[in-house]
Amino acid sequence: RGRETSLADFKGKAVIVFFGYTRCPDVCPTILARLSTVMKKLGPDAERIQVLMVTVDPEHDTPEKLAAYMTAFNPSFIGLYNDHPATEAAARAFKVFYSPAPANSATHAAHDHAPATAPVQIDHSAGSYVFDARGNIRLYVRDDASVDAIVSDLKWLLAG
């Protein structure tokens with residue numbers, strides 16, 4: 001939304017943070033769909049959760065694209081954007097790996113001429129970090145965690 005964001009902006013909420021990108025062909029939409037289901041299962045408690053995705057593709061993921069992509073999964077989900085150096089610094093702070101996938105020249109050429117919405121491959125860590133309402137990191141959620149396991153963990157966390 002064009003303004004700087006920090007965990008302090010979400011004080012009083014548990015915050016789920018993961019790194020991804022809008023043109024991801026599989027992992028990111030799967031995680032977001034799962035988190036959308038988690039929010040539905042949490043019912044009123046979902047108002048105490050904030051989901052954030054930090055883009056690892058700032059070249060293509062504009063704030064407008066991120067906003068449309070994230071809200072398609074849930075109106076409360078927010079995508080975070082910054083330039084490459086800031087993205088790299090955030091990834092280092094979270095110990096997140098990301099890198100364009102190795103591609104042969106034919107694949108690379110195909111992506112060079114592909115429409116802007118075509119899936120691209122950026123290898124990246126796929127787990128999510130969960131901060132409690134006071135901003136302390138409390139959980140790491142694997143990308144293959146079940147909806148019920150995530151709901152259970154979040155209810156435990158929200159219970160204080």
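**Figure 1. A close-up of the largest cavity, which has a volume of about 50 Å³.** The structure, a predicted model, holds one cavity of 30 Å³ or more. Around the space you will find I31, R34, L35, S128, V141, R142, D143 and I150 as its lining. Helix α1, spanning residues 27-42, supplies the largest share of that lining, with three residues. Two other names on the list of lining residues, S128 and V141, are worth keeping in mind, as they return in the next view: S128 stands opposite V141 in β7.

**Figure 2. A view of the hairpin formed by β6 and β7, with five residues between the strands.** The two strands run antiparallel, and four bridges join them. If you follow the chain, β6 covers residues 128-131 and β7 covers residues 137-141. Across the pair, S128 faces V141 of β7, and both of these residues also line the largest cavity. In the turn itself, look for G135, which takes a positive phi near 90°.

**Figure 3. A closer look at D132, a residue of the loop between β6 and β7.** Is D132 buried or exposed? D132 counts as buried because its relative accessibility is 4%, and the cut-off for buried is under 20%. Within the loop, the side chain of D132 reaches the backbone nitrogen of R134 at 2.9 Å. Which residues does D132 touch once its neighbours within four places in sequence are left aside? They are K13, A14, R138 and L157.

**Figure 4. The surroundings of D45, in the loop between α1 and β2.** Unlike the aspartate of the previous view, which is buried, D45 counts as partly exposed because its relative accessibility is 26%, and that value falls between the 20% and 50% cut-offs. Please look for L158 as well: D45 and L158 are 113 residues apart in sequence, yet their C-alpha atoms are 8.0 Å apart in space.

**Figure 5. The largest pocket, with about 740 Å³ of space.** Its lining is made of 27 residues, and the closest to the pocket centre are R3, E4, T5, L80 and Y81. Which elements give two or more residues to this lining? They are β1 (14-20), β2 (49-55), α2 (63-73), β3 (78-80) and α3 (84-94). Of the elements here, α2 provides the largest share, namely five residues.

**Figure 6. The whole protein chain, with its five helices and seven strands, for orientation.** Starting from the N terminus, the elements follow the order β-α-β-α-β-α-β-α-β-β-β-α. The protein chain has 160 residues, and buried residues make up 40% of them. Among contacts between residues at least 6 apart in sequence, 72% join residues at least 24 apart.

**Figure 7. Confidence along the chain, which averages a pLDDT of 85.** A pLDDT of at least 70 is reached by 84% of the residues. Residues 102-115 deserve some care from the reader, with a pLDDT below 50 over the stretch. Beyond near neighbours in sequence, that stretch has four contacts in the model.

Methods
Residues numbered from 1 in each chain as written. Predicted model: local features only at pLDDT ≥ 70, side-chain atom pairs only at ≥ 80, totals over all residues. Heavy atoms only, no water. Buried < 20%, exposed > 50% of the residue type's maximum accessible area, 1.4 Å probe, protein only. Polar contact = N/O pair within 3.5 Å; in protein donor to acceptor, adjacent residues only side chain to side chain. Contact = heavy atoms within 4.5 Å. Pairing = 2+ DSSP bridges. pLDDT = per-residue confidence, 0-100. 1 Å grid on protein atoms, 1.4 Å probe; cavity = no way out; pocket = protein on both sides within 12 Å on 5 of 7 lines; lining within 4 Å. Points joined across faces, edges and corners; volume = space filled by probe spheres on them.
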